[in-house]
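Trainee: I would like to take a close look at a single part of this model, and I would be glad of one connected answer rather than a list.

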Amino acid sequence: AAFSSGGGDAERSLPAAAAAATVASPPAGGFAAEFGDFPEPSSAEPAAGTDLAASSSFPPQQQPEAVEDFGDFGSFEQPKKEEGAPPPPQPEADFAADFGSFEESTPTPRTTDEGKEEKPSPGDEAVVALDAIRRELAALPTAPAELRAKKQVIKKKKEGRFRKKKTKEVSYLACFDKGIGAGDEAGADGRLPPISEQMKTDPNGANARLRRAQSCLFLHKLLSSSHKQHGAHFEKTIAIARDELAGGQTLLEDLSTGSFSREEKAAIANSTEMLTFVGGLGEYVRVVRSVVATIGDLLCVEEGVDFSSDTVKTWEDLEVLQAALQVEESWSGIQSALSRISLAISSPTIETVSEIRKRSAKAKTEDVDYCTLTLQPLDRESMDTQATVTWDGRPYMACAANFWSNKVSTVSPQVS
């Protein structure tokens with residue numbers, strides 16, 4: 001199989017929920033499935049060749065009892081948990097999350113009047129750690145161009161002609177200073193106190209702030225070395241998902257308002273094909289939100305700030321995020337269309353960007369694998385479309401590997 005999960009030596013098939021979100025080795029001529037063409041539905045049967053991605057996000061009562069044939073979706077192996085089984089393989093050296101020591105991150109001990117050495121306080125250590133992180137960040141090469149460009153603004157001249165203003169670029173160092181605060185400076189535009197003070201009054205918050213700083217540095221290190229192509233990968237992923245969601249919205253709105261008989265609408269809306277179709281669109285949203293969550297970590301956006309048209313300025317109004325806003329708009333339109341079609345079908349529940357970031361922040365340790373496409377921590381205990389799979393020797397979230405292999409390329413994302 002093209003995809004397999006890391007774990008013990010024994011191999012067996014994943015449950016249908018995860019298997020439906022993965023593909024077997026692509027045939028020599030590529031995949032025959034084409035999810036982008038949305039034919040006009042006139043019956044409960046989908047058009048031939050339609051690629052329907054499966055989702056495990058539906059409530060149990062809405063899951064089909066048995067789905068044996070996923071068309072172009074094959075199966076991959078999951079780890080079989082056995083006592084005494086060898087530990088899962090560790091990520092490659094260039095992808096290991098190292099939040100360990102920082103250069104000169106140990107404060108110089110102070111000496112009291114009595115000549116005794118005084119141990120640095122946690123606040124002093126935090127100040128030195130932030131300074132060290134910022135110095136490392138400042139020394140790194142710039143982020144990929146796709147992740148630096150801000151939204152272009154088109155202005156109208158007096159003569160009636162239009163011109164594009166010069167593209168502005170985001171300063172990630174300025175984002176760090178604004179969102180985290182350097183050394184013992186206040187962060188988040190003054191909403192966060194100097195970290196030495198925060199360590200006294202809110203040690204949990206101070207440690208979470210340090211973790212955000214470490215995560216920011218870790219991701220920038222990846223993007224300036226082994227993952228230099230990820231700016232283009234992110235841009236392509238979001239743009240393709242935007243087009244897929246827009247097509248899905250058009251199809252479902254046509255179904256909800258079209259001249260179908262009541263019986264035809266009921267047959268289509270309650271079919272297994274429709275459930276898996278909508279579930280697949282939901283998984284595309286999950287992948288995009290995971291990518292956006294990673295961009296939020298790069299920008300040092302506070303974890304409680306969600307991603308929407310109302311908050312996009314906080315996200316530096318990056319050009320790459322404009323397509324992500326369209327994904328959110330289409331997903332909202334899809335949910336509205338579903339509510340009009342039938343009470344028997346509902347959209348899958350997908351974590352918001354803020355929820356993904358809050359969950360991921362707790363998981364970011366040295367022992368965690370990261371999805372090669374989204375750069376989000378992987379949960380090896382998950383058994384659904386967020387299950388961990390391996391493709392070309394690298395770990396992925398199942399729905400991310402499925403999306404890329406079916407919609408972008410049968411060749412895995414380039415990583416040096």
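My request concerns the salt bridges, beginning with one acidic partner: does Asp243 count as buried, partly exposed or exposed?

Mentor: Asp243 counts as partly exposed, because its relative accessibility is 47%. Please keep in mind that this is a predicted model, and that what follows is computed from its atoms. The side chain of Asp243 meets that of Arg242 in a salt bridge, with a distance of 3.1 Å from N to O. Arg242 also counts as partly exposed, at 26% relative accessibility. This pair is one of the 13 salt bridges that the structure holds, and it may be set beside some of the others.

Consider next Arg289, which forms a salt bridge with Glu328, the closest N and O atoms being 2.8 Å apart. The pair links distant parts of the chain, since Arg289 belongs to helix α8 and Glu328 to helix α9, and their positions lie 39 residues apart in the count along the sequence. Arg289 is buried, with a relative accessible area of 9%, and Glu328 counts as buried too, at 18%, a value that falls under the 20% limit for that class.

A further bridge joins Arg380 to Asp369, with the closest N and O atoms 2.6 Å apart. Both residues lie in the loop between α10 and β7, so the pair ties together parts that are 11 residues apart in sequence. Here the two partners fall into separate classes, for Arg380 is partly exposed, with a relative accessible area of 25%, whereas Asp369 is buried, at 7%. The loop between α10 and β7 also holds Leu375, a residue that has a positive phi of about 65° although it is not a glycine. Leu375 is buried, with a relative accessible area of 1%.

The bridges are not confined to pairs, as Lys150, Lys178 and Glu316 are linked in a network. Asp317, whose place is in the loop between α8 and α9, has a positive phi of about 55° although it is not a glycine, and it counts as buried at 13% relative accessibility. Thr314 is found in the loop between α8 and α9 as well, but it counts as partly exposed, at 41% relative accessibility. Leaving aside neighbours within four places in sequence, Thr314 is in contact with Val301 and Val305, and its C-alpha atom is separated by 9.2 Å from that of Leu299, 15 residues away along the chain.

Helix α8 brings us to one more element, since the buried residues of α11 pack against α8, and also against α6, β7 and β8. Helix α11, residues 398-408, is mostly covered, with 10 of its 11 residues buried, among them Phe403, Trp404 and Lys407.

For charges outside the bridges, there is a negative surface patch formed by Asp131, Asp184, Glu185 and Glu197. Asp131 is found in helix α2, residues 122-139, and is partly exposed, with a relative accessible area of 31%.

As for the setting of these details, the secondary structure of the chain comes to 11 helices and eight strands, and 49% of its 416 residues count as buried. Among contacts between residues at least 6 apart in sequence, 71% join residues at least 24 apart.

Notes:
Residues numbered from 1 in each chain as written. Predicted model: local features only at pLDDT ≥ 70, side-chain atom pairs only at ≥ 80, totals over all residues. Heavy atoms only, no water. Patch = residues over 30% accessible without salt bridge, like charges linked within 9 Å, V, L, I, M, F, W, Y side chains within 5 Å. Areas by Shrake-Rupley, 256 points an atom, 1.4 Å probe, with all protein chains shown as cover. Salt bridge = Lys/Arg side-chain N within 4 Å of Asp/Glu carboxyl O. Lys, Arg positive; Asp, Glu negative; His and termini not counted. Charge placed at Lys NZ, Arg CZ, Asp CG, Glu CD. Helix = DSSP H or I, 4+ residues; strand = E, 2+ residues; numbered from the N terminus. Buried < 20%, exposed > 50% of the residue type's maximum accessible area, 1.4 Å probe, protein only. Contact = heavy atoms within 4.5 Å.
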